[in-house]
Amino acid sequence: MEFELLANIKEMRLLYTQSFTQAGQRHNLSQPEIDVLLFVANQPQYNTARDIANRRGLAKSNISTAVEMLRQKELLEVCEDEKNRRVRRLFPTAKAVPVIEELRACQTAFFGKLFDGFTPEELAQLERLMQHA
């Protein structure tokens, strides 16, 4: 059972990544850049590189590179925290809004396919089970 679960998670991650291929190419974005941009757009309360590393499990080196590339592309703004100058807060720019909308549409399509055929009760049960994991 454990092996099947891990294999399924790996397969879902691959399919998730593939769902962004065309949009990534269109906007010249790597997968780590997509992950960082969507993370800060979808969860604005978690807006530091540390937050991304802790909550998404991405390597800090990949996050740093992605943040710098997104900053250079003017899709992400990096601001010094008002209370702690060592902390850098990450914010999508106005230029990023249409890109984020397209990436969110890819995300929505992926999850729509993933959960197609599930009843509302099954989805609720899955959500409860995931909270225990």
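This note covers the fold, the pockets and the cysteines of a predicted model.

1. **Overall build.** The protein chain holds seven helices and two strands. Read from the N terminus, the order of elements is α-α-α-α-α-β-β-α-α. The two strands thus follow five helices, and two helices come after them.

2. **Extent and burial.** The C-alpha trace spans about 45 × 35 × 25 Å along its principal axes. The chain has 133 residues, and 28% of them count as buried. Its exposed area is about 9,500 Å². Carbon and sulfur atoms supply 54% of that area.

3. **Contacts.** Take the contacts in the protein chain with a separation of 6 or more. Residues 24 or more positions apart account for 52% of these.

4. **Largest pocket: size and location.** The largest pocket encloses about 640 Å³ of space. Its lining counts 14 residues. Ile9, Met12, Leu114, Phe115 and Met130 lie nearest the centre.

5. **Largest pocket: which elements build the lining?** Helix H1 (2-18), helix H6 (97-114) and helix H7 (120-132) each give at least two residues. H1 has the largest share, with six residues. The pocket therefore draws on both the N-terminal helix H1 and the later helices H6 and H7.

6. **Largest pocket: character.** Eleven lining residues are nonpolar. One is polar, and two are charged.

7. **Second largest pocket: size and lining.** This pocket has a volume of about 300 Å³. Its lining includes Thr48, Ala49 and Arg50. Lys60, Ile63, Ser64 and Val67 also line it. Arg86, Val87, Arg88 and Leu90 complete the list. Helix H4 (49-56), helix H5 (60-72) and strand E2 (88-92) each contribute two or more residues. The largest share, four residues, comes from H5.

8. **Second largest pocket: character.** The lining splits into five nonpolar, two polar and four charged residues. Among the residues of this lining are Arg50, Lys60, Arg86 and Arg88.

9. **Cysteines.** How many disulfides does a search of the whole structure find? The count is zero. Is Cys106 buried or exposed? Cys106 is buried, because its relative accessible area of 15% falls under the 20% cut-off. Cys79 comes out at 23% relative accessibility, so it counts as partly exposed. The partly exposed class lies between the 20% and 50% limits.

Methods
Residues are numbered from 1 along each chain as its sequence is written. This is a predicted model: local features need pLDDT of at least 70, side-chain atom pairs count only at pLDDT 80 or more; totals for chains, interfaces and linings use all residues. Side-chain values use heavy atoms; hydrogens and water are left out. On a 1 Å grid over the protein atoms alone, a cavity is a set of points where a 1.4 Å probe fits but cannot get out, and a pocket is an open set with protein on both sides within 12 Å along at least five of seven lines; lining residues have an atom within 4 Å of a point. Grid points are joined across faces, edges and corners, and a volume is the space filled by probe spheres set on the points. Ala, Val, Leu, Ile, Met, Phe, Trp, Tyr, Cys and Pro count as nonpolar, Asp, Glu, Lys and Arg as charged, and the others, Gly among them, as polar. A disulfide is a pair of cysteine sulfur atoms within 2.5 Å. Buried means under 20% relative accessible area, exposed over 50%, partly exposed in between (1.4 Å probe, protein chains only). Contact means heavy atoms within 4.5 Å. Accessible areas come from the Shrake-Rupley method with a 1.4 Å probe; for residues, only the protein chains shown count as cover.
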